[in-house]
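Got the viewer open? Here is a walk through the model, one selection at a time.

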Amino acid sequence: MRVGIAAIINAQPDMKVVAQAGNAAEAIRMFAETQPDLTMMDLRLPDRSGVEAIREIRTRFPKARIIVLTTYEGDEDIHQALEAGARGYLIKGMPHDALVKALYRVHAGHRFLPQHVAEALSARMPGSHLSQREQEVLQLLFAGKSNAEIADMLSIKEATVKSHVSMILMRMNVSDRTQAVVEGLKRGLVHL
């Protein structure tokens with residue numbers, strides 16, 4: 001995938017790939033060394049999430065222009081990437097002209113969100129944001145853990161787990177744990 005993207009970029013008369021990285025640590029290091037005009041970042045990296053890498057780069061280099069290129073289409077993935085500082089969000093498999101258009105648009109200082117990405121983001125329900133602890137509980141629900149197992153793993157009381165599960169169900173507008181996991185997958189709150 002990376003080789004193909006680099007070929008598309010290098011085929012543009014006024015663009016050149018200056019670095020490529022295979023993980024977040026390498027991307028952060030290479031960004032610091034090359035300080036490119038634009039950076040494309042996947043959200044799924046072998047050592048940590050692309051969102052974490054975006055945050056670190058933007059903390060050290062606030063003017064960094066980053067476009068996400070990923071398979072994740074959930075509203076939470078999009079929200080987290082933009083909140084971290086991404087200026088564009090593309091889904092892998094989009095037409096080449098959309099990629100080039102995004103590069104020019106973000107380079108000019110604008111955002112780039114294709115229609116379906118903008119729609120997914122706008123469909124994000126107000127008040128649906130999960131706290132860090134609720135996200136941890138949802139991840140453990142996804143792993144098939146019982147309330148007692150979750151309580152033990154997080155060193156909290158089972159009643160507290162039940163309270164977190166109730167809040168998750170309410171915030172996600174679902175009626176049971178299975179629906180919460182399915183909705184979490186759709187929204188990008190948990191990943192396979």
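## First stop: a partly exposed loop residue

Select Gln-35, which is partly exposed, with a relative accessible area of 48%. Gln-35 sits in the loop between H2 and S1. Check its backbone while you're there: phi is positive, about 40°, although Gln-35 is not a glycine. Keep in mind throughout that this is a predicted model.

## Zoom out

Now show the whole chain as a cartoon. You should be able to pick out ten helices and three strands. Going along the sequence, the order is α-α-β-α-β-α-β-α-α-α-α-α-α. Along the principal axes, the C-alpha atoms fill a box of roughly 60 × 30 × 25 Å.

Switch to a surface if you like. The protein exposes about 10,400 Å², and carbon and sulfur atoms supply 52% of that area. There are 192 residues, of which 42% count as buried. If you draw a contact map, take the contacts with a separation of 6 or more: residues 24 or more positions apart account for 56% of them.

Colour by charge next. You'll have 24 positive and 22 negative charges to look at, and their mean positions are 4 Å apart.

## The largest pocket

Which residues lie closest to the centre of the largest pocket? Select Ile-9, Ala-19, Leu-38, Thr-39 and Met-40: of the 32 lining residues, these are the closest to the centre. The pocket itself has a volume of about 900 Å³. To see where the lining comes from, colour helix H1 (2–10), helix H2 (24–34), strand S1 (39–41) and helix H5 (96–107); each of these supplies at least two lining residues.

Stay on Thr-39, in strand S1. Is Thr-39 buried or exposed? Its relative accessibility is 12%, so Thr-39 counts as buried. Show its contacts and, leaving aside neighbours within four places in sequence, you'll find Phe-31, Arg-65, Ile-66 and Ile-67.

## Along helix H1

Move to Ala-6, in helix H1. Ala-6 counts as buried because its relative accessibility is 9%. Not counting residues up to four places away in sequence, Ala-6 touches Val-17 and Gln-20. For a distance label, pick the C-alpha atoms of Ala-6 and Val-18: they are 9.5 Å apart in space, with the two positions twelve residues apart in sequence numbering.

## Over to helix H5

Select Ala-102, which you'll find in helix H5. How much accessible area does Ala-102 have, in relative terms? The value is 0%, so Ala-102 is buried. Its contacts, not counting residues up to four places away in sequence, are Ile-67, Leu-90 and Phe-112. Ile-67 may ring a bell, as Thr-39 is in contact with it too.

Now stretch a distance label from Ala-102 to Arg-133. Their C-alpha atoms are separated by 35 Å, and the two residues are 31 apart along the chain.

## A glutamate in helix H7

Go to Glu-134, in helix H7 (residues 132–142). Buried or exposed, would you say, for Glu-134? Glu-134 counts as buried, because its relative accessibility is 5%. Around Glu-134, beyond residues up to four places away in sequence, you'll see contacts with His-129, His-164, Met-167, Ile-168 and Arg-171. Pick Met-167 from that group and label the C-alpha distance to Glu-134: 7.8 Å in space, for residues 33 apart in sequence.

## Towards the C-terminal end

Select Asn-173, in the loop between helix H9 (158–172) and helix H10 (177–187). Asn-173 is exposed, because its relative accessible area is 59%. Here is another backbone angle to check: Asn-173 has a positive phi of about 60° although it is not a glycine.

The last selection is Leu-189, in the segment after H10. The relative accessibility of Leu-189 is 15%, so it counts as buried. Which residues does Leu-189 touch, not counting those up to four places away in sequence? Bring up Glu-76, Leu-130, Leu-138, Gln-139, Met-172 and Gly-184.

To finish, draw a line back to the pocket stop. The C-alpha atoms of Leu-189 and Thr-39 are separated by 24 Å, with the residues 150 apart along the chain.

Key:
Residues numbered from 1 in each chain as written. Predicted model: local features only at pLDDT ≥ 70, side-chain atom pairs only at ≥ 80, totals over all residues. Heavy atoms only, no water. Helix = DSSP H or I, 4+ residues; strand = E, 2+ residues; numbered from the N terminus. Buried < 20%, exposed > 50% of the residue type's maximum accessible area, 1.4 Å probe, protein only. Contact = heavy atoms within 4.5 Å. Areas by Shrake-Rupley, 256 points an atom, 1.4 Å probe, with all protein chains shown as cover. Lys, Arg positive; Asp, Glu negative; His and termini not counted. Charge placed at Lys NZ, Arg CZ, Asp CG, Glu CD. 1 Å grid on protein atoms, 1.4 Å probe; cavity = no way out; pocket = protein on both sides within 12 Å on 5 of 7 lines; lining within 4 Å. Points joined across faces, edges and corners; volume = space filled by probe spheres on them.
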